[in-house]
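Student: Please give me a close look at one part of this: how the copies relate and where they meet. After that, work your way into the chains themselves.

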2 protein chains.
Amino acid sequence: MPDRPYHHGNLRQELLAEAARTVRERGAGALSLRQLARDAGVSHAAPRRHFADRQALLDALAETGFVRLGDELRAAAEGTADGFEARLQATAEAYIHFATEDAALLEMMFASKRGVEAEPNDAAYRAFSVMLDLIRQGQESGALRIGEPERVGLILFATMQGIAALISAGMIETDGLDELVGDAISRFLRGSRATA
Amino acid sequence: MPDRPYHHGNLRQELLAEAARTVRERGAGALSLRQLARDAGVSHAAPRRHFADRQALLDALAETGFVRLGDELRAAAEGTADGFEARLQATAEAYIHFATEDAALLEMMFASKRGVEAEPNDAAYRAFSVMLDLIRQGQESGALRIGEPERVGLILFATMQGIAALISAGMIETDGLDELVGDAISRFLRGSRATA
DNA sequence: CGCAAATGTAGTCGATGACAACAATGATGT
DNA sequence: ACATCATTGTTGTCATCGACTACATTTGCG
């Protein structure tokens with residue numbers, strides 16, 4: 001039986017992966033650096049070599065969350081070829097899917113940014129830019145007419161995030177969920193294609 | 001100099017008030033039962049008589065938050081006499097005001113409900129019912145035509161909460177905020193008064 | 001080969017939440 | 001009045017945690 005080598009080799013990644021698991025299953029509050037260390041089979045101080053403190057771990061987790069969210073949104077948007085409205089719908093569903101699968105993570109992602117001004121190149125912005133691109137595309141195709149893309153995208157993003165929050169809060173039954181999302185989207189579309 | 005009496009007399013309320021202050025200024029994570037006890041001038045175990053554990057304190061705080069949010073929304077909705085759209089606008093502004101003044105609390109409020117199915121009579125629902133009433137009123141006045149009030153109210157609520165989340169996350173500059181909210185509202189209105 | 005940086009370990013400190021046993025106070029019924 | 005009992009507060013303790021320091025092992029580079 002091979003004793004574990006002195007150097008783990010991939011500790012940072014393993015810590016992040018296990019942390020993501022814990023957050024998904026038991027929430028961010030249940031996350032303990034020492035417990036992560038035990039799970040990974042290293043000493044209690046080892047995580048410190050990779051994360052200056054607990055918050056740094058949470059921030060890194062939030063960052064990977066935004067990356068993944070951006071990827072999933074983009075995949076949904078680009079994996080649907082049937083025109084603007086269908087793409088928008090698919091993207092919204094992807095967002096809601098993420099939000100239901102990883103409610104605690106999503107909450108952390110937003111919490112991690114409180115009190116920090118947004119940098120135009122971070123993962124959060126790249127996730128948002130999927131919306132932006134979508135909006136621009138809709139405007140070119142004529143499905144959308146009103147407003148600067150920045151603002152319209154923000155409103156769209158907010159709508160999705162708001163629905164996600166209400167789901168997390170248990171204020172929306174998961175039954176009629178797709179229908180609700182579809183309704184919100186088409187309402188947004190109707191409101192955005194009339195002339196101002 | 002009067003020694004503090006053995007019984008504080010109003011510990012629960014004082015703990016909640018001080019906790020609200022701490023959450024507002026330094027976030028929910030910075031809240032410690034022992035620190036609260038010190039602030040109130042009682043022993044470290046005294047809070048336990050009023051809150052079974054830390055989470056119970058947070059839950060109570062969230063509850064009072066929903067009560068206050070409901071009150072403020074209702075005051076805004078009812079304190080504006082100039083017709084449906086203005087009322088809607090005022091309510092939205094009240095929501096955003098709450099969200100900017102008490103970002104961490106609002107986040108807590110939603111987090112506290114995760115994994116619990118909504119009860120139709122709790123404070124969260126009463127806050128939401130302000131929206132509901134507003135929607136019904138709008139439909140009677142003819143300003144809104146589409147959809148069951150429940151669903152439309154949910155979408156409206158989600159839109160506000162979403163904008164609030166983006167503000168907390170620093171993704172929305174506070175400059176053009178009122179304008180953005182107004183835009184979101186009128187977009188929602190346009191989308192909801194066209195025929196389905 | 002040797003040295004420095006990276007990575008992991010052991011030990012410690014102060015703070016915390018939870019709990020138990022005990023004390024003071026106040027309310028209630030007679 | 002007063003005995004009794006629930007309420008509310010106190011002291012003491014424990015396990016856990018995050019943060020920090022000093023030290024050990026490994027890896028990689030010159």
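Tutor: Start with the symmetry: chain A lands on chain B with an RMSD of 0.1 Å after a rotation of 180° and 0.0 Å of shift along the axis (least squares on C-alpha atoms of residues with pLDDT of at least 70 in both). The two copies are therefore related as by a two-fold rotation axis. They also use the same surface, since 100% of chain A's contact residues turn up again in chain B (contact: backbone-placed C-beta atoms within 7 Å).

Keep in mind that this is a predicted model, where local features need pLDDT of at least 70 and side-chain atom pairs pLDDT 80 or more, while totals for chains, interfaces and linings use all residues. Residues count from 1 along each chain as its sequence is written, and chains are lettered from A and ligands numbered from 1 in the order written.

Now for the meeting place itself. Chain A puts 38 residues into the contact, and chain B puts in 38 as well. On the chain A side, α5 (103–111), α6 (123–141), α7 (149–168) and α8 each bring at least two residues (helices are DSSP H or I runs of at least four residues, strands E runs of at least two, numbered from the N terminus). The top contributor there is α7(A), with 13 residues. Sorted by class, chain A's side of the contact comes to 22 nonpolar, eight polar and eight charged residues (nonpolar: Ala, Val, Leu, Ile, Met, Phe, Trp, Tyr, Cys, Pro; charged: Asp, Glu, Lys, Arg; polar: the others, including Gly).

Stepping back to the whole of chain A, you have eight helices and zero strands, so the string of elements from the N terminus reads α-α-α-α-α-α-α-α. Along the principal axes, its C-alpha atoms occupy a box of roughly 70 × 35 × 35 Å. Of the chain A contacts with a separation of 6 or more, 65% join residues 24 or more positions apart. A related pair is A:Ala56 and A:Ser112, which sit 56 residues apart in sequence but 9.8 Å apart in space, C-alpha to C-alpha. A:Ala56 belongs to helix α3 (residues 54–78) of chain A.

One of the interface helices, α8, also packs within its own chain. In chain A, α4 (residues 84–101) and α8 (residues 177–193) meet at about 135°, with axes 10 Å apart (axes are fitted to C-alpha atoms over the stretch in contact; angles run 0 to 180 degrees between N-to-C directions). That makes α4(A) oblique to α8(A) (under 35 degrees is roughly parallel, over 145 roughly antiparallel, 65 to 115 roughly perpendicular, the rest oblique). From α4(A) come A:Glu85, A:Leu88, A:Gln89, A:Ala92, A:Glu93 and A:Ile96, and they face A:Leu177, A:Asp178, A:Val181, A:Gly182, A:Ile185 and A:Leu189 of α8(A). The class tally for this α4(A)–α8(A) contact is seven nonpolar, two polar and three charged residues.

Over in chain B, look at α4 (residues 84–101) against α6 (residues 123–141): the angle is about 165° and the axes are 10 Å apart. These two, α4(B) and α6(B), are therefore roughly antiparallel. Here α4(B) offers B:Phe84, B:Arg87, B:Leu88 and B:Thr91, while α6(B) answers with B:Val130, B:Leu134, B:Gln137, B:Gly138 and B:Ser141. That α4(B)–α6(B) contact splits into four nonpolar, four polar and one charged residues.

Conventions
Contact = placed C-beta atoms within 7 Å.
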